[in-house]
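Hi everyone, thanks for making time this morning. I'd like to walk you through one structure, so please have a look at it before I start.

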2 protein chains.
Amino acid sequence: MTEPKTPDAAATTDPAKKHSRSGKSHATIYDIAKVAGVNPSTVSRALSKPGRVSAKTQKLIEDAAAELHYQVNPFARALPTGRTNTFGLIVADITNPTFFDIIRGAETTATLRDYTLVLAESAESGVTELTAARRMMATVDGLILASPRMDDDDIRAIARDKPVVVINREVDGVPCVVPDVNKGISEAVRSLAANGHHKVAFVAGPPQSWMSARRWEGVQAACEWSRLEAVRLESTKPTVDGGRQVARDVRASGATAVLTYNDLLAIGLMQELQAAGMVVPDQISIVGFDDIFGADFTTPPLTTVRSPLGECGSGAATLLLDLLHRDLLHGAGETAATLRVETELVLRGSSGRLLPAG
Amino acid sequence: MTEPKTPDAAATTDPAKKHSRSGKSHATIYDIAKVAGVNPSTVSRALSKPGRVSAKTQKLIEDAAAELHYQVNPFARALPTGRTNTFGLIVADITNPTFFDIIRGAETTATLRDYTLVLAESAESGVTELTAARRMMATVDGLILASPRMDDDDIRAIARDKPVVVINREVDGVPCVVPDVNKGISEAVRSLAANGHHKVAFVAGPPQSWMSARRWEGVQAACEWSRLEAVRLESTKPTVDGGRQVARDVRASGATAVLTYNDLLAIGLMQELQAAGMVVPDQISIVGFDDIFGADFTTPPLTTVRSPLGECGSGAATLLLDLLHRDLLHGAGETAATLRVETELVLRGSSGRLLPAG
DNA sequence: CAATTTTTGGCAACCGGTTGACAAACGCCG
DNA sequence: CGGCGTTTGTCAACCGGTTGCCAAAAATTG
């Protein structure tokens, strides 16, 4: 029998360390157990299983915990249970203000329900996105993908491992939150028709963007209904810069009204057209999408089809958290619900009556 | 002696579960060890301690790991080591675009160095901030506070437990990243002086804002140097709305040029003044701070003192990560370095020569 | 080729909670 | 007051890595 060398002595005797597990580190359930005079497992139950221990011991333990400033160690808890009270949000581009409100909505809901939000971006790349998602998988209970760029199969593959909610896209078998573009678009197109426009251009977004396709479809349908001509133009990237670049094509198209895939494109386009001497909206009407922060900073302020982005973020978070808790209780077997939110036209100064060419 | 009931059987036999630890869950180092024919601890070493095992076994283990699609379990790793490869970023307000670039900068740097960013906001409240910080403490290796609203002592208290880096504020004994306002401000004020202005108003930000105080000091100093009169006005909140509200006071002040605590205030102020029929910059010059996203969307585009926000974010992250690694190696005892970044004037259309009152 | 130093791999304890199985303590009944 | 069904608390295994200590193996040296 080997003589044990009192391994306790090897604990923490290094006073040099400033941070980390030095000194009195933090109280554990064992410390509480000692103070309260019960077994550690009883402490564990008192703290996580309501009603499992008697009111008397409960109080005893809670007092001890309070006295010791006890805080659960999330890792120790996560290890056996696999739950982390954390979920991930992956956005296509943190720079893009579209996602600001989504992030905010998700963050608020998360905090409210005692979850922590972990953020990552995919830089508009499907590959980066998949990597980020895989990396997160290990640490989160669920995932929200905002405007994902990877393909449906990848998304479903991830959804097989962990609950996933998708924003701004519909993926079969995965719960989604999508703004229903039709109302907003038809309002926009009707407004344009009423103002004497006949030809409408749509500036599309990234080719992989599901939402861009939906918007184009919506524009086509609405134009048909209002008997307007609709043409589609491509953009290089869905940013202010991309908007500037597409200005040539817009002028060449002969359209008197433009809807763009998003507000950034609209803003860039407007800047470029104005720089070339065109008057908005007298000579050309511009309508954006999303109603992002800053859409009303422009002169004239931007008319846009608003998506309730904050609502999308919080809706997705709510959906996900509900899913997580459902998963916990029963096995699974829920329907992949799609949450639809309404869009609406926000009429500002960048669209209006077409003045007869002077 | 109690007869053990082969507890292995209690493992996972529930096929109903869709997510979580069902079925073949994930490979562990034990699985790898079995495949590679070595001891689990050897696997652990091969995977985290470079050079600790022979090249031969290393390869053996790596192959097995690849074959099994092994991924470390971050919780299992965090439990004994206390390190999580995660750091927190707390911002005063997620809605405020000032923080977008900071978040982005920090996120980029984090990902680059294989860290994960966890985000939280304080809603401009010192109390909320402290709560958020405390909550994070348990899960992160370090913390970045962007424009913190809590007081110095609270910050130092937190910094005692975990490495902390502060952005947009100087706290004694804590590493900070602060834009040095002087260069940008003196450029701005000189430009205003050169354009015939004599009286400059400064619209201040939140009273607890360290940065607001610095900017006011800078404005005073620069005005004195240029022999301009400087007056200080208070805002209700540092947002577009707050800017609108302060417009009255600005007009009443008789100043012909205004510097505002941040761009949002400047934008709101400009909107309100223009709505009242004033012409910018002919009748009044407006200069903001930060050069946030959208500052150039306005008409005229906003002149502003740019802080390199993205740089602040990535700088803070770099500082923090260096700190973490230093902490790991030696005990501690580093000096609390302050990283200063330069500000510069971005001259756009909202400031210029004062036209004689017609 | 033996002696010694350096590598390398294995053992076992540990991080801090969670949880199934079980027994002690309790309340209730006839 | 004994039998019986509940509560309530304890024991011990487990989650998946990390790491100090030690011995076997390999490399170096005399």
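**Around the DNA**

Let me begin with α2(B), which makes the largest contribution to the surface near DNA strand D, six residues. Before I go further, please keep in mind that this is a predicted model.

So, who else sits around strand D? Altogether, 28 residues surround DNA strand D. The closest are N39(A), V53(A) and T57(A) from chain A, together with S41(B) and A76(B) from chain B. Which helices supply at least two residues each to that surface? They include α2 and α4 of chain A, and α2 and α4 of chain B as well. If you sort the surface near strand D by class, you get 13 nonpolar, twelve polar and three charged residues.

Now let's turn to the other strand. DNA strand C is surrounded by 28 residues, and the closest are S41(A), A76(A), N39(B), V53(B) and T57(B). For this surface, the largest share comes from α2(A), with six residues. At least two residues each come from α2 (40–48) and α4 (74–81) of chain A, and also from α2 (40–48) and α4 (74–81) of chain B. The class count near strand C reads 13 nonpolar, twelve polar and three charged.

**How α2(A) meets its neighbour**

Let's stay with α2(A) for a moment. How do α1(A) and α2(A) lie relative to each other, parallel or perpendicular? The axis of α1(A), residues 29–36, comes within 8 Å of the axis of α2(A), and the two cross at roughly 105°. Crossing angles of 65 to 115 degrees count as roughly perpendicular, so that is how α1(A) and α2(A) are described. On the α1(A) side, the contact is made by I29(A), Y30(A), I32(A), A33(A) and A36(A), and on the α2(A) side by P40(A), V43(A) and S44(A). By class, this contact has seven nonpolar residues, one polar residue and no charged ones.

**Into the core**

Moving inward, the largest nonpolar core has 184 residues. Which residues have the most contacts inside it? They are I144(A) and I144(B). Leaving out residues up to four places away in sequence, I144(A) touches F87(A), G88(A), L89(A), A106(A), V165(A), I167(A), A316(A), A317(A) and L320(A).

**Some backbone details**

Finally, here are a few spots to click on. In chain A, the peptide bond from V280(A) to P281(A) is cis, with omega near 5°. You'll find P281(A) in the loop between α12 (263–275) and β9 (285–290). In chain B, there is a cis peptide bond between T299(B) and P300(B), with omega about -10°. Its proline, P300(B), is in the loop between β9 (285–290) and β10 (303–306) of chain B.

Two residues of chain B are also worth a look for their phi angles. N168(B) is not a glycine, yet it has a positive phi of about 70°. Its place is the loop between β4 (164–167) and β5 (176–180). R227(B), also not a glycine, has a positive phi of about 60°, and it lies in the loop between α9 (210–226) and β7 (229–233).

Are these two buried or exposed? N168(B) has 26 other C-beta atoms within 10 Å, so it is buried. R227(B) has 8 C-beta neighbours inside 10 Å, so it counts as exposed.

That's my tour. Thanks for listening, and I'm happy to take questions.

Key:
Residues numbered from 1 in each chain as written. Chains lettered and ligands numbered in written order. Predicted model: local features only at pLDDT ≥ 70, side-chain atom pairs only at ≥ 80, totals over all residues. Near = placed C-beta within 6 Å. Helix = DSSP H or I, 4+ residues; strand = E, 2+ residues; numbered from the N terminus. Nonpolar A, V, L, I, M, F, W, Y, C, P; charged D, E, K, R; others polar. Core = buried A, V, L, I, M, F, W, Y, C linked by C-beta atoms within 7 Å. Buried ≥ 20, exposed ≤ 12 C-beta atoms within 10 Å, placed from the backbone. Contact = placed C-beta atoms within 7 Å. Axes fitted to C-alpha atoms, helices over the stretch in contact; angles between N-to-C directions. Parallel < 35°, antiparallel > 145°, perpendicular 65-115°, else oblique.
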